[in-house]
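Trainee: Please take me closely through one part of this model, the framework of strands and the helices that pack around it. I am new to this, so please explain the terms as you go.

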Amino acid sequence: MINSKSALGAAGAAMLLVLGANAAAAQDVTLKLHQFLPAQSAVPSQILDVWADKVEADSDGRIKIDRFPSMQLGGTPSELVDQAIDGVADIVWTVVGYTPGRFPSTEVFELPFFVADPKAASYAYWKMYEDGMQDEFKGLHMLGTWVHGPGLFHTTDPVDAPTDLQGMKIRGGSRLVNEMLAAVGATPVGMPVPAVSVSLSKGVIDGATLPWEVTSSLKVAELVGNHTDFEGNGLYTLTFILAMNQASYDGLPDDLQAVIDANSGLDFSIRAAEVNLAADAPSKQIAIDLGNAFHTIDQATVETVWMPLVAPIYDNWVADMDSKGYDGQAMIDRARALMADYSAAQ
């Protein structure tokens with residue numbers, strides 16, 4: 001006669017083996033997402049966390065994404081790309097310009113007074129990434145490419161004309177932004193975003209070029225009294241990437257790769273730019289509430305005063321790209337055409 005307790009025990013053991021086998025087959029994975037901003041900043045809280053939560057939900061919990069803000073895995077913002085390539089992190093979000101000259105094709109979107117609509121630029125950025133930038137990002141599986149809202153001056157003293165920038169030390173976030181600052185008379189000081197607050201408070205810099213959205217987490221409005229923006233195309237934009245270690249992506253089973261793919265790419269890039277842009281208004285309101293001064297340069301003045309100063313940057317960039325085997329003017333023309341296509345379709 002079979003002992004019922006033994007039978008139940010055997011059945012339970014068999015069930016545990018089946019469950020264990022199913023769990024192993026599920027290939028649950030944990031991915032590390034590393035970036036340089038505080039967790040409460042707009043990009044981490046409104047873009048990266050939303051993306052990660054969606055991936056986790058769509059994978060039925062089989063993908064877990066651990067988030068490490070403020071460089072908690074170590075290193076500096078300029079090292080994030082290599083951290084993704086080397087596998088220190090599985091996913092990184094970063095400013096491409098923090099590694100100057102390494103990804104030259106992306107700089108087309110950083111040319112001064114080039115971008116009117118960050119969504120259109122992000123559409124063009126992804127299209128151009130697919131068409132010809134992939135070789136620059138070997139070792140990475142690209143998840144998103146986008147730009148922020150219009151960059152502007154945030155300064156201790158007013159800026160209404162290029163002559164006002166004479167003698168001012170202004171933070172720039174990329175090679176081309178620093179060239180633009182020098183062209184309009186400022187002394188460029190290259191530094192990543194996390195260093196801005198301390199540098200302003202200690203007088204290391206007299207101002208910074210930033211989009212509105214990041215100023216709230218950096219307390220910029222509390223540290224400067226003046227903000228200068230421009231009608232028409234923005235003063236500048238920086239290019240972002242959300243990128244994954246290629247081996248980490250390749251190691252996922254097909255269905256989990258499909259989850260990543262469904263939440264990445266062109267549509268995600270455009271949405272990310274839209275969220276970035278929407279985050280400008282609340283940060284600007286902080287400066288309004290503080291009673292800070294606002295200076296807007298009209299379109300006619302941009303064209304007659306500012307553009308002639310920065311126009312050589314275009315020629316120099318084209319020549320530099322041509323020397324590296326690219327067709328710089330063709331890239332400018334392609335980016336403009338794609339941005340126009342997007343705008344026309346809206």
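Mentor: Happily; we will start with how far to trust the model, then go through the sheets and the helix pairs.

This is a predicted model, in which local features need pLDDT of at least 70 and side-chain atom pairs count only at pLDDT 80 or more, while totals for chains, interfaces and linings use all residues. Residues are numbered from 1 along each chain as its sequence is written, and side-chain values use heavy atoms, with hydrogens and water left out.

The term pLDDT stands for the predictor's confidence in each residue, from 0 to 100. For the protein chain the average pLDDT is 93, and 92% of the residues score at least 70. Residues 1-25 have a pLDDT below 50, and beyond near neighbours in sequence this stretch has one contact in the model (contact means heavy atoms within 4.5 Å). Where pLDDT is low, the predicted coordinates should not be read in detail.

Now to the first sheet. Its five strands run in the order S2-S1-S3-S10-S4, forming an open sheet with mixed pairing. Helices (H or I, at least four residues) and strands (E, at least two) are DSSP runs numbered from the N terminus, and two strands pair if DSSP finds at least two bridges between them. The edges belong to S2 (63-68) and S4 (140-147); each has a single partner strand, so one side of each is left without a neighbour in the sheet. From one strand to the next, the twist averages 20°. Looking inside the sheet, S1 (residues 29-34) pairs with S3 (residues 91-95) in the parallel sense over two bridges, and Leu-33 has Ile-91 of S3 as its bridge partner.

Helices cover this sheet too. H2 (residues 42-58) lies across S1, S2, S3, S4 and S10 (239-245), and runs at about 160° to S2. Axes are lines fitted to C-alpha atoms, for helices over the stretch in contact, and angles run from 0 to 180 degrees between N-to-C directions. H11 (residues 266-278) also packs on the sheet, where it touches S4 and S10 and makes about 40° with the direction of S4.

Next comes the other sheet. Six strands form it, in the order S7-S6-S8-S5-S9-S11; it is open and its pairing is mixed. S7 (187-190) and S11 (293-297) stand at its edges with a single partner strand each, so one side of each has no neighbour in the sheet. Neighbouring strands here are turned by 30° against each other on average, direction ignored. S5 (residues 151-155) and S9 (residues 226-230) pair in the antiparallel sense over three bridges, and Thr-155 stands opposite Asn-226 in S9. H12 (residues 280-289) lies across S8 (207-211), S9 and S11, at about 125° to S11.

Let us turn to helices meeting helices. Two packed helices are described by the angle between their axes and the distance between the axes. H11 and H12 pack at about 15°, with their axes 4 Å apart. They are therefore roughly parallel to each other (angles under 35 degrees count as roughly parallel, over 145 as roughly antiparallel, 65 to 115 as roughly perpendicular and the rest as oblique). Asn-276, Leu-277 and Ala-278 of H11 make the contact with Asp-280, Ala-281 and Pro-282 of H12.

In another pair, H4 (residues 118-133) and H14 (residues 328-345) have axes 8 Å apart at an angle of about 130°, which makes H4 oblique to H14. Among the residues that meet are Tyr-123 and Met-128 in H4, and Leu-338 and Tyr-342 in H14. By class, this contact of H4 with H14 has 10 nonpolar, one polar and four charged residues. For these classes, Ala, Val, Leu, Ile, Met, Phe, Trp, Tyr, Cys and Pro count as nonpolar, Asp, Glu, Lys and Arg as charged, and the others, Gly among them, as polar.
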